[in-house]
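Here is a report on pockets, a cavity and a buried site. Please look over the model first.

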Amino acid sequence: MFYSKKFKKFDKIKHCFFSRKGGFSKGLYKGLNCGRGSKDNTRDVLKNLEFVSQKMRVKKKNLVLMHQTHSNRVIEINKKNLGKKINSDAVITKFKGIALGVVTADCVPILLYDSLNEIVGCIHAGWKGAYKDIIKNTLIKIKKHNAKSKIFAAIGPCIGKKNYEVDLKFFKMFILKSKKNKKYFSKKNKNKMIFDLRNFVSDKLLKLKVDVDHVNFDTFREKNNFFSYRRSTKLKQSDYGRCISVIRKL
């Protein structure tokens, strides 16, 4: 379990970037696999989510997870939609007793806290979502409550730049959007670049005047602590687990 030093100072929220350690899953998913979309034993995943709920001190039915599709869709959780299927890649809430969770296996988990308006949120920021402005959309949703806000973000463990290899087509797509994106890429060889997803995401938050803190671990490299889609693909494994990051108001 990993924590943001900055978020630890706030007494009105509880948060955690859970590692893969502990939990009930076996085999490929050994540990705390919280991916309902994985091919893991459903019973084990539910036990893992029960464990997370207990650690966050909420009822399991109040641990809100999204059906994540790398979109730029943001949903606010309230009494009306609590318990329903949430198709989005970011969620926010003003309600106490509700924990918001995001599952990742290389993508960037972002936890948010607006200390002025007491709103919490989380974002699933893979390259697609970040490219399609999931971050900006989430902040717009928060600021609809009140234009005056003081938003903090904790960026959790994700794939490190050294291990995020992309092709030239990927690189050109980002450069076409903005030439400024060039700074997030380094040349690996004639056909491959490496991409700095963490800083691409971080700079989007900073540009929107968000106070950013990093929980900086490389999910690809640290196989004992984290699941990784890319590592599993390189090892030709049939599937992969997902780690969970959670925030709630107290």
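## Pockets, cavity and a buried histidine

In this predicted model, the lining of the largest pocket draws at least two residues from each of α2 (42-56), β2 (63-65), β5 (99-104), α3 (127-131), β9 (165-167) and α7 (229-234). Helices (H or I, at least four residues) and strands (E, at least two) are DSSP runs numbered from the N terminus. Local features need pLDDT of at least 70 and side-chain atom pairs pLDDT 80 or more, while totals for chains, interfaces and linings use all residues. Residues are numbered from 1 along each chain as its sequence is written, and side-chain values use heavy atoms, leaving out hydrogens and water.

The largest pocket is lined by 41 residues. Q68, H70, V103, H124 and R242 lie nearest its centre. The second largest pocket has 16 lining residues, with N181, Y184, D203, K204 and K207 closest to its centre. Helices α4, α5 (168-177) and α6 (197-207) each supply at least two residues of that second lining. The largest share, four residues, comes from α6.

A search of the whole structure finds one cavity of 30 Å³ or more. Its lining includes F17, F18, T104 and C243. Strand β13 (residues 243-249) gives the most to this lining, with three residues.

| Space | Volume | Nonpolar, polar, charged lining residues |
|---|---|---|
| Largest pocket | about 1,000 Å³ | 20, nine, twelve |
| Second largest pocket | about 400 Å³ | six, two, eight |
| Largest cavity | about 50 Å³ | seven, three, no charged |

On a 1 Å grid over the protein atoms alone, a cavity is a set of points where a 1.4 Å probe fits but cannot get out; a pocket is an open set with protein on both sides within 12 Å along at least five of seven lines, and lining residues have an atom within 4 Å of a point. Volume is the space filled by probe spheres set on the points, which are joined across faces, edges and corners.

H124 sits in strand β7 (residues 119-125). H124 is buried (under 20% relative accessible area, 1.4 Å probe, protein chains only), at 4%. Its side chain makes a polar contact with that of D89 at 2.6 Å (N or O atoms within 3.5 Å, one able to donate a hydrogen and the other to accept it). Beyond four places in sequence, H124 is in contact (heavy atoms within 4.5 Å) with residues including Q68, H70, V103, T104 and I134.

I134 belongs to helix α4 (residues 134-143), where I135, T138, L139 and I142 are also buried. The buried residues of α4 fall within an arc of 130 degrees seen down the axis, so they line one face of the helix. The arc uses directions from the helix axis to the C-beta atoms.

Note on methods
Buried < 20%, exposed > 50% of the residue type's maximum accessible area, 1.4 Å probe, protein only. Nonpolar A, V, L, I, M, F, W, Y, C, P; charged D, E, K, R; others polar.
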